[in-house]
Amino acid sequence: MRHLILSFLFMALAKGVSAHAFYFAYAEVEYNPSTSKLEASVKVTSHDFELFLLEKLKPNARLTEVLDNPTNAGVLSELMFQNFSIFNDGEALQWNWEGYFSDLQGYTTIYLSSSSFEWKQLSVSFNLLMSQFPEQQNKLTFLFKGKKNTFDFLPNAFVITLNRKDYE
């Protein structure tokens, strides 16, 4: 009888638990002084990113159909820029879509690079998926010459500024 009560209690609690209680995206950005480019990786939950992409690009397609189509590279770069943008001294840096990798744990990592530029002051906006998921929280780790800083991005605060002199 005790096992039956515990089983019933567990099922009642499990029913009230959401299968997807949080939303996160993680980015790692490094300024490469030898190429004067930013190199970035952005890790998102695959099914959340699929919903986001398909809403924006192609309804009723699968994530891999959109990501594997080489004709979508420019559109994907622009879509990423709209939701993960970096400005250098007020001038927008455009992302180049380098590729992606989806793992068996349900995450997709997107690889991006910028064109060459002389870093002065970077303003970073990272609101990826925030319009779809109000509880979305993003994190960015910025690396340069062995220094590493991590920043949180929330729906009401998703812009940071990085001065090169702070990393010299």
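# Exercises on a predicted two-sheet model

In this predicted model, D152 and K139 form a salt bridge, with their closest N and O atoms 2.3 Å apart. The exercises begin with this pair and then turn to the sheets and helices.

## Exercise 1. The charged pair

Determine which strands the salt bridge between D152 and K139 links, and state how each residue is classed by accessibility.

*Solution.*

Step 1. The criterion is a side-chain nitrogen of Lys or Arg within 4 Å of a carboxyl oxygen of Asp or Glu. The separation of 2.3 Å between D152 and K139 meets it, and the count for the model comes to one salt bridge.

Step 2. Locate the partners. D152 belongs to strand β9 (residues 147-153) and K139 to strand β8 (residues 136-144); the two residues are 13 residues apart and link distant parts of the chain.

Step 3. Apply the accessibility classes. Buried means under 20% relative accessible area and exposed means over 50%. D152, at 49%, therefore counts as partly exposed, and K139, at 29%, is also partly exposed.

Step 4. Place the pair in a general setting. Side chains of opposite charge can pair when their charged atoms come close.

## Exercise 2. The sheet of six strands

State the strand order of the six-stranded open sheet, identify its edge strands, and describe which helices pack on it.

*Solution.*

Step 1. The order is β5-β6-β2-β1-β8-β9, and the pairing is mixed.

Step 2. Strands β5 and β9 are the edges, since each pairs on one side only. From one strand to the next, the twist averages 15°.

Step 3. Follow the pairings that involve β6. Strand β2 (residues 37-45) runs antiparallel to β6 and is joined to it by seven bridges; within β6, S113 stands opposite E39.

Step 4. Add the helices. Helix α2 (residues 46-56) packs on this sheet with contacts to β1 (23-32), β2, β5 and β6, its direction making about 105° with that of β2. Helix α4 also packs on the sheet, touching β2, β5 and β6, and its direction makes about 95° with that of β5.

Step 5. Turn to the other side of β6. Strand β5 (residues 95-102) pairs with β6 (residues 107-114) in the antiparallel sense over seven bridges, and the bridge partner of N96 in β6 is S113. S113 thus appears in both pairings: opposite E39 and as the partner of N96.

Step 6. Examine the connection. The hairpin of β5 and β6 has four residues between the strands, and G106 there takes a positive phi near 95°.

## Exercise 3. The sheet of four strands

Give the strand order of the second open sheet, and explain why β4 and β10 each have one side without a neighbour.

*Solution.*

Step 1. Four strands form this sheet in the order β4-β3-β7-β10, with antiparallel pairing.

Step 2. Strands β4 (91-93) and β10 (159-163) stand at the edges; each has a single partner strand, so one side of each lacks a neighbour in the sheet. On average, neighbouring strands are turned by 30° against each other, direction ignored.

Step 3. Inspect one pairing. Strand β3 (residues 84-88) and strand β7 (residues 121-126) run antiparallel and are joined by five bridges; I86 has V124 as its bridge partner in β7.

Step 4. Place the helix. Helix α4 (residues 73-83) packs on this sheet, touching β3, β4 and β7, and its direction makes about 75° with that of β3. Helix α4 therefore packs on the four-stranded sheet as well as on the six-stranded one.

## Exercise 4. Two polar residues

Decide whether N83 and S85 are buried or exposed, and list their contacts beyond four places in sequence.

*Solution.*

Step 1. N83 is found in helix α4, and S85 in strand β3.

Step 2. With the cut-off for buried at under 20%, N83 is buried at a relative accessible area of 9%, and S85 is buried at 8%.

Step 3. The side chain of N83 reaches the backbone oxygen of L79 at 2.9 Å.

Step 4. Leaving aside neighbours within four places in sequence, N83 is in contact with F52, S125, F126, N127 and L128. On the same basis, S85 is in contact with S123, V124 and S125. S125 appears in the list for N83 and in that for S85.

Terms used. Residues are numbered from 1 along each chain as its sequence is written. This is a predicted model: local features need pLDDT of at least 70, side-chain atom pairs count only at pLDDT 80 or more; totals for chains, interfaces and linings use all residues. Side-chain values use heavy atoms; hydrogens and water are left out. Two strands pair if DSSP finds at least two bridges between them. Axes are lines fitted to C-alpha atoms, for helices over the stretch in contact, and angles run from 0 to 180 degrees between N-to-C directions. Contact means heavy atoms within 4.5 Å. Buried means under 20% relative accessible area, exposed over 50%, partly exposed in between (1.4 Å probe, protein chains only). A polar contact is a pair of N or O atoms within 3.5 Å; within protein, one must be able to donate a hydrogen and the other to accept it, and residues adjacent in sequence count only if both atoms are side-chain atoms.
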